[in-house]
Amino acid sequence: MPKLARALSRLFTAAHPVAHFPTESKAVLFARQYLAQTGRAVAVAPAVIGFDVIGGVA
């Protein structure tokens with residue numbers, strides 16, 4: 001059972017917020033810099049107020 005749980009956790013990673021910005025342009029700039037520095041994909045998503053940069057996306 002542990003192998004199955006580990007395999008599923010690799011397939012379905014949990015997305016988590018990396019940062020929050022008031023404008024979309026600042027969020028996109030941060031996302032590009034984050035990708036360049038870490039090599040990890042992130043997404044910019046609208047929030048209630050501003051924009052979130054979400055990590056853990058494939």
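Modeller: Start with a rule. Two strands pair if DSSP finds at least two bridges between them. Keep that cut-off in mind. The model here is predicted.

Colleague: How many bridges join β1 to β3?

Modeller: Five bridges join them, and the two strands run antiparallel. Take one bridge as an example. P17 has I54 as its bridge partner in β3.

Colleague: How many bridges join strand β2 to strand β3?

Modeller: Again, count the bridges. β2 covers residues 42-46, and β3 covers residues 51-55. Five bridges join these strands, which run antiparallel. Follow β2 along to see two of the partners. V42 is matched with G55 in β3. P46 is matched with F51 in β3.

Colleague: What lies between the strands of that hairpin?

Modeller: Four residues lie between β2 and β3. In this hairpin, look at G50. G50 takes a positive phi near 90 degrees.

Colleague: Which residue of the loop between β2 and β3 can I look at next?

Modeller: Try A47, which lies in that loop. The range for "partly exposed" runs between 20% and 50% relative accessible area. A47 has 28% relative accessibility, so A47 counts as partly exposed.

Colleague: What is A47 in contact with, beyond its neighbours within four places in sequence?

Modeller: A47 is in contact with H20 and D52. Now compare sequence and space. A47 and H20 are 27 residues apart along the chain. Their C-alpha atoms are separated by 8.5 Å.

Colleague: Now put the strands together. What is their order in the sheet?

Modeller: The sheet is open and has three strands, in the order β1-β3-β2, with antiparallel pairing. β1 and β2 stand at the edges, each with a single partner strand. One side of each is therefore left without a neighbour in the sheet. On average, neighbouring strands of this sheet are turned by 30 degrees against each other, direction ignored.

Colleague: Which helix packs on the sheet?

Modeller: Helix α2 packs on it, touching β1, β2 and β3. The direction of α2 makes about 135 degrees with that of β1.

Colleague: Where do these elements fall along the chain?

Modeller: Read from the N terminus. The elements run α-β-α-β-β. That comes to two helices and three strands.

Colleague: How should I read the inside of the model?

Modeller: Begin with the general idea. In soluble globular proteins, nonpolar side chains tend to be buried together. Then look for the case here. The largest nonpolar core has six residues: A19, F21, A27, A31, V42 and V53. Both β1 (16-21) and α2 (24-38) give two or more residues to this core.

Colleague: Is A27 buried or exposed?

Modeller: Buried means under 20% relative accessible area. A27 has 0%, so A27 is buried. The place of A27 is in helix α2. Leave out residues up to four places away in sequence. A27 then touches F21, V44, F51 and V53.

Colleague: How far apart are A27 and A14?

Modeller: They are 13 residues apart in sequence and 20 Å apart in space, C-alpha to C-alpha.

Colleague: And F21? What does F21 touch, not counting residues up to four places away in sequence?

Modeller: F21 touches K26, A27, F30, G50, F51 and V53.

Colleague: How do I read the protein as a whole?

Modeller: Compare it with a compact globule. For 58 residues, such a globule would have a radius of gyration near 10 Å, but the protein has 14 Å. Next, take the extents. The C-alpha trace spans about 45 × 25 × 10 Å along its principal axes.

Colleague: How much is buried, and how much area is exposed?

Modeller: Of the 58 residues, 16% count as buried. The protein exposes about 4,600 Å², and carbon and sulfur atoms supply 64% of that area.

Colleague: What about contacts along the sequence?

Modeller: Consider contacts between residues at least 6 apart in sequence. Of these, 53% join residues at least 24 apart.

Notes:
Residues numbered from 1 in each chain as written. Predicted model: local features only at pLDDT ≥ 70, side-chain atom pairs only at ≥ 80, totals over all residues. Heavy atoms only, no water. Rg over C-alpha atoms; globule rule 2.2 N^0.38 Å. Buried < 20%, exposed > 50% of the residue type's maximum accessible area, 1.4 Å probe, protein only. Contact = heavy atoms within 4.5 Å. Areas by Shrake-Rupley, 256 points an atom, 1.4 Å probe, with all protein chains shown as cover. Core = buried A, V, L, I, M, F, W, Y, C linked by side-chain atoms within 4.5 Å. Axes fitted to C-alpha atoms, helices over the stretch in contact; angles between N-to-C directions.
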